[in-house]
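Colleague: Could you take me on a close look at a single part of this model? I'd like one connected account rather than a list.

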Amino acid sequence: MDFGAVLIGAVALAALIMAGGIVDVLRLGRDRFGAAGRRRWHWVLLIIYSGPLGVLLYAAAVRPQVVHPERYAE
């Protein structure tokens with residue numbers, strides 16, 4: 001197997017993961033992020049700068065709070 005093809009595939013997969021994460025952040029409304037005490041543009045920038053790791057952090061730590069704020073109300 002050619003190393004270049006594997007590298008291109010890995011970069012393409014990382015780009016798809018990042019694009020999916022950014023679309024998910026933007027799909028949720030700004031008001032939902034505000035209700036959870038988060039800023040939407042922070043997470044878009046984090047995903048852009050940190051790649052798939054940013055998507056993982058968003059999906060694990062922030063998305064549940066934004067989608068189901070009633071579970072995290074104090």
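Modeller: Here is a walk through helix α4 and what surrounds it.

First, the ground rules: this is a predicted model, with local features needing pLDDT of at least 70 and side-chain atom pairs counting only at pLDDT 80 or more, while totals for chains, interfaces and linings use all residues. Residues are numbered from 1 along each chain as its sequence is written, and side-chain values use heavy atoms, with hydrogens and water left out.

Helix α4 takes in residues 52–67; helices here are DSSP runs of H or I with at least four residues, numbered from the N terminus. At A59, α4 bends by about 45°, the bend being the angle between axes fitted to the seven residues ending there and the seven starting there. Its buried residues are G54, V55, Y58, V62, V66 and V67. Buried means under 20% relative accessible area, exposed over 50%, and partly exposed in between, using a 1.4 Å probe and protein chains only. The cover over those buried α4 residues includes α1, α2 (30–35) and α3, where contact means heavy atoms within 4.5 Å.

Now for the charged side of things. R63 of α4 joins D24 through a salt bridge, 2.7 Å from N to O; the term stands for a side-chain nitrogen of Lys or Arg within 4 Å of a carboxyl oxygen of Asp or Glu. R63 lies in helix α4 and D24 in helix α1, so this pair ties together parts that are 39 residues apart in sequence. Side chains of opposite charge can pair when their charged atoms come close. D24 also meets R27 in a salt bridge, at 2.8 Å from N to O. D24 and R27 both sit in α1 (residues 3–27), three residues apart, which is about one turn of the helix. That gives two salt bridges in the structure, and D24, R27 and R63 are linked in a network. The cover differs along it: D24 counts as buried because its relative accessible area is 13%, R63 is partly exposed at 27%, and R27 is exposed at 53%. Leaving aside neighbours within four places in sequence, D24 is in contact with Y58 and R63.

Y58 brings us to the aromatics. The rule is that rings of Phe, Tyr and Trp (its six-membered ring) pair if their centres lie within 6.5 Å; planes under 30 degrees apart count as stacked, over 60 as edge-to-face and the rest as tilted. By that rule there is one aromatic pair. W43 and Y58 form it, tilted, at 6.3 Å centre to centre with 50° between the planes. The pair links distant parts of the chain, with W43 in α3 and Y58 in α4, 15 residues apart. Both W43 and Y58 are buried.

A last stop on α3, residues 40–50. W41, L45, I48 and Y49 make a nonpolar surface patch of about 480 Å². Patches are made of residues with over 30% relative accessible area and no salt bridge, like charges being joined within 9 Å and nonpolar side chains (Val, Leu, Ile, Met, Phe, Trp, Tyr) within 5 Å; accessible areas come from the Shrake-Rupley method with a 1.4 Å probe, and for residues only the protein chains shown count as cover. L45 lies in α3 and is partly exposed, at 34% relative accessible area. H42 is in α3 too, and counts as partly exposed at 37%.

Key: Helices (H or I, at least four residues) and strands (E, at least two) are DSSP runs, numbered from the N terminus.
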